[in-house]
Amino acid sequence: MILNTVKIRVLFAALILLVLSPDIWSQAVVERSRNKVVISGVAYYLHEVKKGETIYSISKAYGITIDQLTHENPYISGGLREGQSLRIPESLVSSATTTQPINIPSAPRDEEKFIYHKLQPGETIYFLSKTYSVSENDIVNSNPGIDINKLPLGYEIAIPRKEFMNEKMNFAGKDSQNYYHKVTMGETMASIA
């Protein structure tokens, strides 16, 4: 009975860690390759696997099924490795999902208000908010007109700078009813009292 309770607790803790881990849910955005070759009269796209790409994300980028991708590249059934070259038959690629260049509105740069960060594989808004200690909403609001979840790698995203108090604050003058004492080294609250 106690052993079963321990197993349930361990499984529950593992499930919570799995759900709360942002790295597990983040996938790299797959860009279709423009490299084509003809092998035995069949035209193929040559896709080089990049960090964070999965069989699923590559198949979705090209508009093919996972079975079609693994049929053409049987060695990937054991998993992908960064730098592997995959061949994808041009005849299978869905024209409906052809990636068009993303039209990203360009706003004038304001280096005083924003830090400009180049997106790297696996980075999410949550990751950036923790890295720069700003809220996710502040990052989204600093990039109007942009679908923050569909940005290409290398895009510079505006992250608001934290505002610090730059002006000297003046406090009201000393109150004549109170006593003021400058604490020196070695004094304690008891000795001052």
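The following exchange concerns the salt bridges of a predicted model.

Me: How many salt bridges does the structure hold?
Reply: The structure holds three salt bridges.

Me: Which residue does Lys-36 pair with?
Reply: Lys-36 forms a salt bridge with Glu-90, and their closest N and O atoms are 2.5 Å apart. The pair links distant parts of the chain, 54 residues apart. Lys-36 belongs to strand S1 (residues 36-39), whereas Glu-90 sits in the loop between strand S3 (85-89) and strand S4 (114-118).

Me: Are those two buried or exposed?
Reply: Neither term applies. Glu-90 is partly exposed, with a relative accessible area of 30%. Lys-36 is also partly exposed, at 47%.

Me: Moving on, which residues are linked in a network of salt bridges?
Reply: The network links Arg-109, Glu-111 and Glu-156. The side chains of Arg-109 and Glu-111 meet at 3.0 Å, N to O. Arg-109 also forms a salt bridge with Glu-156, with the closest N and O atoms 2.5 Å apart.

Me: Where does Glu-156 lie, and where is Arg-109?
Reply: Glu-156 lies in strand S5 (residues 156-160) and Arg-109 in the loop between S3 and S4, so their salt bridge ties together parts that are 47 residues apart in sequence.

Me: And what is the relative accessibility of each of these three?
Reply: Arg-109 has a relative accessibility of 49% and counts as partly exposed. Glu-111 is partly exposed at 43%, and Glu-156 is partly exposed at 30%.

Key. Residues are numbered from 1 along each chain as its sequence is written. This is a predicted model: local features need pLDDT of at least 70, side-chain atom pairs count only at pLDDT 80 or more; totals for chains, interfaces and linings use all residues. Side-chain values use heavy atoms; hydrogens and water are left out. A salt bridge is a side-chain nitrogen of Lys or Arg within 4 Å of a carboxyl oxygen of Asp or Glu. Helices (H or I, at least four residues) and strands (E, at least two) are DSSP runs, numbered from the N terminus. Buried means under 20% relative accessible area, exposed over 50%, partly exposed in between (1.4 Å probe, protein chains only).
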